[in-house]
Amino acid sequence: MSQLVFDLVLRTGDVALVAVALSAAYSLVRFPNIATVYYATIGPFLTYVLARVGLAFWLAAALATVAVGVLAVVLNATVFDRLLRSGSAIAMIGSLAVGMLVTAVLLVTAGPDSMRFAFALSPPQDLLGARVTALQLWSMGLSSAALLGFALILFFTDIGRCMRATAANADLARATGIDAHGVIRVITFASGVLAALGGICLSLKGELNILMGPDLILPVFAAAILGGLGNPLGAILGAAVIALTEVIAASTNFGPLLGQAFLFLPVNYIGATSFAILVLALLFRPYGLFVNEVRRV
Amino acid sequence: MFDFILHVAIIAALNGLLALSLNLQLGYAGLANFGQIALFGAGAYGAALAFSWGFGPFAGLLLGLALVSLLALVFARLGRSLGADYWGIATLSIAEILRTVATNETWLTGGAQGIGGLPQLFGFDLPGTLALAAAALLATYLVLRGVTQSKFGLAVRLLREEPQLAASLGYDLAGLRRRVMLISGVPAGLCGFLYAHYVTFVGPDQLFASETFFIWAMVVIGGLANHSGAVLGAVALQILSASIPFAKDALGLTSEYVAAARLTLTGGGLLLFLLLRPQGLLPERIGSVRA
Amino acid sequence: MSAPSAIIEVTGLRAGYGDGPDILHGIDLRVFAGEIVTILGPNGCGKSTLLKAIGGFVEPRAGRIAIEGEDVGAVPVHRRIREHRIGFVPQTDNVFRTMSVAENIMLGARLLPAREQWARFFSLMDTYPALAGKRDRRASALSGGERQLLSVARALIAGPTVLLLDEPSAGLSPVMMDEVFDEIVRIRERTGMTILMVEQNAVQALSVSDRAYVLSLGRVAIEQPAPELLANPTLAGLYFGAAA
């Protein structure tokens, strides 16, 4: 049982940071920025390169996340802002095009093979009845700290209140003396940082390869939409729902239901459960599980 | 070499069908379908399933069109309650779900191995197949041009530009969307059917989301809401894409560069045109409606 | 002391939205310190556009907007609001719906020293007990009148020199409407603040104002002290379609 809970938390962490990044950016720049999942690919690759040239891992990771944050701000100013004037779907395909270019660059520079960070692999240890590796714990700790930090900023600092105010009503925010453009730059930077950290946490306990980004698209979108696009903390709960479904789908024996001894969902379908949740969510709760006011058209 | 040129021409014509189909949705109706490849897949798997059950190509075409129409209706139904960006995500997800099903339901679809051994239509060789694909492309072009020049075409553009105005004028938006999806499903399904019988094989690897984005690039580069533009985009991108391996050999590059070049062609082409020439090579002609 | 200086001075202002036609065709307007001034006019005359241009939401195409003597034509909204201490209350969408009542108000005070923020907050809560009782509610849960009040409180907490109100009585019940106009008078009595408002409800607005401008088709048709305007037959013409 504790293994199940542990898997659940770990899987939630995989998706949550990037989903929060996507949702936070959407709260002010109103299109689903697919490039977010590619920021989650660039982050660990940059960290890897910086660590290879001799920087300590934490320093490499810090530099990489800041660099990705800056990249996100630059891309917003040069590409997405302009595309958004032609509509959210056009900005969305533009963000996907950016993602393709990122993949092309990584393919040529880093190659298609998977890589690992050069940490000594320690055998899993027993923690409260679950088998856990040290890297998994590090990954969990890092992503929890990042999520907690972001939540604290959002609710207990001036810039966080300005972010929420601008997301709620940009014109009124300006009329209250808030520099809305500045706030947009800050939240774009934060979304780049969070996405990069999400990618680093993911690759810390596994591998890094150029398909990380594309593989994240649907689970991340599912989590962000379940939580309500534009509601960053909702995305954490969305990620938990996705993780719960996947863990249950993976570990439930459906055999007795169908009169067989053992019947588990084929491994390949476990990823597809998040797609299915996404479609169900879009059909029945397109603006999130937690919406408590009617969205005006 | 001549065979290769014929092959490129056939694929270009087939891609032209997909581009015309997406152009009707995206260019004319403003429906940003991120799951276009699934419409193709429905046609292709229709042909393959009919073949594996022992039916002839005609039954395969009918089955493919039936599957395509069903999927088009699902897409249209989802569009009723969703904004453009949400609908994009929904169509992308459905296409990915279908690809996962095609990969895993081996008893039905042959799984990752797909279904092979489909016969060439009418026993055609390359020139014959090219003639068939070109005829399908021409017919689709003429039909869709007629559609967009009709009153229906005007309503569809109104759906794109001023949906609220269209609704207030008494247009049935859900009905318009449904008809656009059904009409554009036909060439996409037809393309899947012709492709299946041309390469004699259908498999889930043909259904990757990246294929959808390749079609998007054709339409955006060629010119949104311009039928000739969609065909031009399809032909141009197919020629460029087909010449990548030659460039690789000439420059002595590794195979990673081929994949990277195709991504750059699609992504870079999309981005350049969206930013610098959003109307595409052949812009939409305003007022091209015979009411 | 010289003649009273204008807090807001608009000269020859032409403005419109996007690529659209001019909505304002050369407006001249002045608001002096401590005045309550109302802008009246039928729908589409450009009175809301004028207020938005003064706030900075609409860029001038020609002419000059000066606040406290400084030409602010090129100054972005948030800096105008901060540097000239403007309180702006929009007509619709005038609260941060996803935030609590207290957060809404405190956003208006964010540039003040921390201790003063809370002192002013509690004094505002004393002034508006209706809001005090709901300070932890989401703004989206408030009634229309309460939202109007909340928006005024958010604008007042910073201690502005001038308050810009866009149709403060729009959409309110007659009782709430009286309440709003009474409050406008009380605000001036309490603080001596300069107030410029746009209103549909001419008679009530004029009864609390010192002066008024009547706009017609983007031009100033009349500028008069409020009591005189109340007795002016042209006003009836503009509003009730009688021959002017």
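**Close-up views of a predicted three-chain model**

**View 1. Two helices of chain B cross.** Helices H2(B) and H3(B) make a right-handed crossing. This view, like the others here, comes from a predicted model. To find the pair, look for residues 36-52 of chain B, which form H2(B), and residues 57-79, which form H3(B). Their axes come within 7 Å, and the angle between them is roughly 145°. On the H2(B) side, the residues that meet H3(B) include Ala38(B), Leu39(B), Ala42(B), Gly43(B) and Tyr45(B). Further along H2(B), Gly46(B), Ala47(B), Leu49(B), Ala50(B) and Phe51(B) take part as well. On the H3(B) side, you will find among others Pro57(B), Ala59(B), Gly60(B), Leu61(B) and Leu63(B). Gly64(B), Leu67(B), Val68(B), Leu71(B) and Ala72(B) also belong to the H3(B) side of this contact. What classes of residue make up the contact of H2(B) with H3(B)? There are 16 nonpolar and 4 polar residues, with no charged ones.

**View 2. Chain A meets chain B.** Of the 2 pairs of chains in contact, A and B share the most contacts. Here 37 residues of chain A touch 33 residues of chain B. Four helices of chain A each give two or more residues to its side of this interface: H3 (57-84), H4 (88-109), H9 (212-226) and H11 (267-284). Which element supplies the largest share of that side? The answer is H4(A), with 15 residues. Sorted by class, the residues of chain A that touch chain B are 29 nonpolar, 7 polar and 1 charged.

**View 3. Chain A meets chain C.** In this contact, 16 residues of chain A face 21 residues of chain C. The elements of chain A that give two or more residues to its side are helices H6 (158-168) and H7 (170-175). H6(A) provides the largest share, 5 residues. How do the residues on this side of chain A divide by class? They come to 6 nonpolar, 3 polar and 7 charged. If you are looking for a place where chains B and C touch, there is none: their nearest C-alpha atoms are 18 Å apart.

**View 4. Strand E1 of chain C has two partners.** Follow strand E1(C), residues 6-15, to see both pairings. With strand E2(C), residues 24-32, E1(C) runs antiparallel, and 7 bridges join the two. For a landmark in this pairing, find Ile8(C), which stands opposite Val31(C) in E2(C). E1(C) also pairs with strand E4(C), residues 60-67, again in the antiparallel sense and over 6 bridges. Here Thr11(C) stands opposite Arg64(C) in E4(C).

**View 5. Two loop residues of chain C have a positive phi.** Arg85(C) is not a glycine, yet its phi is positive, at about 45°. Look for Arg85(C) in the loop between helix H2 (77-83) and strand E6 (86-89) of chain C. Is Arg85(C) buried or exposed? It counts as partly exposed, because it has 17 C-beta neighbours inside 10 Å, and a buried residue would need 20 or more. Leu217(C) is another residue other than glycine with a positive phi, near 50°. Leu217(C) sits in the loop between strands E9 (211-216) and E10 (219-225) of chain C. With 13 other C-beta atoms within 10 Å, Leu217(C) is partly exposed too.

**View 6. The fold of chain A.** Stepping back to the whole chain, you can count 11 helices and 2 strands in chain A. In sequence order, the pattern is α-α-α-α-β-β-α-α-α-α-α-α-α. Its C-alpha atoms fill a box of roughly 65 × 50 × 35 Å along the principal axes. A compact globule of 297 residues would have a radius of gyration near 19 Å, so the 19 Å of chain A agrees. Buried residues account for 52% of the 297. Of the contacts in chain A between residues at least 6 apart in sequence, 74% join residues at least 24 apart.

**View 7. The fold of chain C.** This chain has 10 helices and 10 strands. The box around the C-alpha atoms of chain C is roughly 50 × 45 × 40 Å, taken along the principal axes. For 244 residues, the radius of gyration of a compact globule would be near 18 Å, so the 18 Å of chain C agrees. What percentage of the 244 residues of chain C count as buried? That value is 42%. Among the contacts of chain C between residues at least 6 apart in sequence, 66% link residues at least 24 apart.

Key:
Residues numbered from 1 in each chain as written. Chains lettered and ligands numbered in written order. Predicted model: local features only at pLDDT ≥ 70, side-chain atom pairs only at ≥ 80, totals over all residues. Contact = placed C-beta atoms within 7 Å. Nonpolar A, V, L, I, M, F, W, Y, C, P; charged D, E, K, R; others polar. Axes fitted to C-alpha atoms, helices over the stretch in contact; angles between N-to-C directions. Left-handed = near helix turned anticlockwise from the far one by under 90°. Pairing = 2+ DSSP bridges. Buried ≥ 20, exposed ≤ 12 C-beta atoms within 10 Å, placed from the backbone. Rg over C-alpha atoms; globule rule 2.2 N^0.38 Å.
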